[in-house]
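Me: I am new to this structure. Please take a close look at a single helix, and show me how it sits in the rest of the protein.

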Amino acid sequence: MPDRRSADDHDHATCIEDALAEAETICAERGARLTELRRRVLELVWTSHEPVGAYDILSRLGGDGRRAAPPTVYRALEFLLEQGLVHRIESLNAFIGCASPKAPHSGQFLLCTACGTATEIADAGIQAALVKAAGLAGFRPGHVTIEVKGLCRRCAGGAAAEPHAHAH
Ligand SMILES: [Zn+2]
Ligand SMILES: [Zn+2]
């Protein structure tokens, strides 16, 4: 999968636009209602490529001058999860936008402990190996999210890397 969206330097506004446009298409196809609030919550999740917690979303909504109650935001996130538009990063209790929400898939994430970015990879081989190994243990996997912590290309590169440019 091309990971244009996790590039060090990119026009992140394009990521957000693409994600919102795709969400609209997907929801229209499925007859799911992408309400204004759900759409705004998705946009806030996509603010960056760092996973964002529900409380951050709440406070950003507050910045809009909106009074959204926590349960409303949780329900919106629940909807986005069901539609595969976001993933939950369990270890961080946070959410990240999915770059390829059309086909259902388990999330595989590379989490940078230095800069906080999350890069989604989609390796069918990893998924297959996991299901096979679980089966050998007599275990039937349900929801699978793989979270790998370490250093992203930019952070691992240290001083040799390009300046920490956030194109946001
Ligand atoms: Zn995904
Ligand atoms: Zn990093």
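Reply: Start with the contacts of the whole chain. Among contacts in the protein with a separation of 6 or more, 57% join residues 24 or more positions apart. This is a predicted model. The protein has 168 residues, and 21% of them are buried. It holds 6 helices and 5 strands. From the N terminus on, the elements run α-α-α-α-β-β-β-β-α-β-α.

Now to the helix itself, α4. α4 covers residues 70-82. It has 13 residues. From its first C-alpha to its last, α4 reaches 18 Å, close to the 18 Å expected at 1.5 Å a residue.

Which residues of α4 are buried? They are V73, A76, L77, F79 and L80. Seen down the axis of α4, these buried residues fall within an arc of 155 degrees, so they line one face of the helix. On the other side of α4, P70, P71 and E82 are exposed.

What does the buried side meet? The buried residues of α4 pack against two helices by name, α2 and α3, and against the strands β1 and β2. Take α2 as the partner to follow. The axes of α2 and α4 lie 9 Å apart, and the two helices pack at an angle of about 75 degrees. An angle of 65 to 115 degrees counts as roughly perpendicular, so α2 is roughly perpendicular to α4. On the α2 side, the contact is made by L37, R38, V41 and L42. On the α4 side, it is made by T72, V73, A76, L77, F79 and L80.

L80 deserves its own look. Leaving out residues up to four places away in sequence, L80 touches R38, V41, L42, L85 and V86. R38, V41 and L42 belong to the α2 side of the helix contact. V86 falls in β1, which spans 86-89.

These residues lead into the largest nonpolar core, which has 27 residues. Those that touch the most other members are V41, L42, V45, L77, L80, V86 and F95. Several elements give two or more residues to this core: α1, α2, α4, β1, β2 and β3. The largest share, 5 residues, comes from α4.

Follow the chain past the end of the helix. Just after α4, G84 takes a positive phi of about 75 degrees. Further along, N93 lies in the loop between β1 and β2. Phi of N93 is near 50 degrees, a positive value in a residue other than glycine. Is N93 buried or exposed? It is exposed, with 11 other C-beta atoms within 10 Å; 12 or fewer is the cut-off for that label.

W46 makes a useful contrast. W46 lies in the loop between α2 and α3. W46 is buried, because 25 other C-beta atoms lie within 10 Å, and the label needs 20 or more. Setting aside neighbours within four places in sequence, W46 is in contact with C15, I16, A19 and G97. C15, I16 and A19 fall in α1, which runs 12-30, and G97 falls in β2, which runs 94-97. W46 and I96 are 50 residues apart in sequence, yet 6.9 Å apart in space, C-alpha to C-alpha.

Back to α4 for the short version. One face holds its buried residues, α2 packs against it at about 75 degrees, and α4 gives the largest share of the largest nonpolar core.

Definitions and conventions. Residues are numbered from 1 along each chain as its sequence is written. Chains are lettered from A and ligands numbered from 1 in the order in which they are written. This is a predicted model: local features need pLDDT of at least 70, side-chain atom pairs count only at pLDDT 80 or more; totals for chains, interfaces and linings use all residues. A nonpolar core is a set of buried Ala, Val, Leu, Ile, Met, Phe, Trp, Tyr and Cys residues joined through C-beta atoms within 7 Å. Helices (H or I, at least four residues) and strands (E, at least two) are DSSP runs, numbered from the N terminus. Two residues are in contact if their C-beta atoms, placed from the backbone, lie within 7 Å. The expected span of a helix is 1.5 Å times one less than its number of residues. The arc is that of the directions from the helix axis to the C-beta atoms. Axes are lines fitted to C-alpha atoms, for helices over the stretch in contact, and angles run from 0 to 180 degrees between N-to-C directions. Angles under 35 degrees count as roughly parallel, over 145 as roughly antiparallel, 65 to 115 as roughly perpendicular and the rest as oblique.
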